[in-house]
Amino acid sequence: MTDVLLKSSDGPVKPVHALAESDFPAFLEGATPFVRGFAEASDFKARAGQALAVPDAEGRLDMVLFGLGAGKDPMALRALP
């Protein structure tokens, strides 16, 4: 049986987008200009284990981009900080 560690969030939930390198261009096409520019300026390429905390307009965390690399191995998520 699995134990529940958290029953609810104490604050707002922020999305984590787990992206393979091959899926990253399509993600960017649907992203806002700010997210596209921030990812480019940060040299985020969705490489395995690469993580990027993307802020909102006020500088607070908006989302996290996480790279899965060339494959779509779910074990890559172990590197998520």
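**Exercise 1. Locate leucine 80, state its exposure class, and identify the surface patch to which it contributes.**

Solution. Leucine 80 is found in the segment after β3 (61-69), where strands (E, at least two residues) and helices (H or I, at least four) are DSSP runs numbered from the N terminus. The model is a predicted one, in which local features need pLDDT of at least 70 and side-chain atom pairs count only at pLDDT 80 or more, while totals for chains, interfaces and linings use all residues. Residues are numbered from 1 along each chain as its sequence is written, and side-chain values use heavy atoms, with hydrogens and water left out.

Next, the exposure class: buried means under 20% relative accessible area, exposed over 50%, and partly exposed in between (1.4 Å probe, protein chains only). Leucine 80 has 32% relative accessibility and therefore counts as partly exposed.

Finally, Val16, Leu77 and Leu80 make a nonpolar surface patch of about 220 Å². Such patches are made of residues with over 30% relative accessible area and no salt bridge (a side-chain nitrogen of Lys or Arg within 4 Å of a carboxyl oxygen of Asp or Glu); nonpolar side chains (Val, Leu, Ile, Met, Phe, Trp, Tyr) are joined within 5 Å. The areas come from the Shrake-Rupley method with a 1.4 Å probe.

**Exercise 2. Describe the strand partners of β3 and its degree of enclosure.**

Solution. Two strands pair if DSSP finds at least two bridges between them. Strand β1 (residues 16-20) pairs with β3 in the parallel sense over five bridges; here phenylalanine 66 is the bridge partner of alanine 18. Strands β2 and β3 run antiparallel and are joined by five bridges, with leucine 52 opposite leucine 65. Five residues separate β2 and β3 in a hairpin, and glycine 59 in its turn has a positive phi of about 90 degrees. As for enclosure, seven of the nine residues of β3 are buried, so the strand is largely enclosed by the rest of the structure.

**Exercise 3. Count the aromatic pairs and characterise the pair of phenylalanine 24 and phenylalanine 44.**

Solution. Rings of Phe, Tyr and Trp (its six-membered ring) pair if their centres lie within 6.5 Å; planes under 30 degrees apart count as stacked, over 60 as edge-to-face and the rest as tilted. The count by this rule is three aromatic pairs. Phenylalanine 24 and phenylalanine 44 are edge-to-face, at 5.2 Å centre to centre with 70 degrees between the planes. Because phenylalanine 24 lies in helix α1 (residues 24-30) and phenylalanine 44 in the loop between α2 (33-41) and β2 (51-55), the pair ties together parts 20 residues apart in sequence. Both phenylalanine 24 and phenylalanine 44 are buried.

Definitions and conventions. Patches are made of residues with over 30% relative accessible area and no salt bridge: like charges are joined within 9 Å, nonpolar side chains (Val, Leu, Ile, Met, Phe, Trp, Tyr) within 5 Å.
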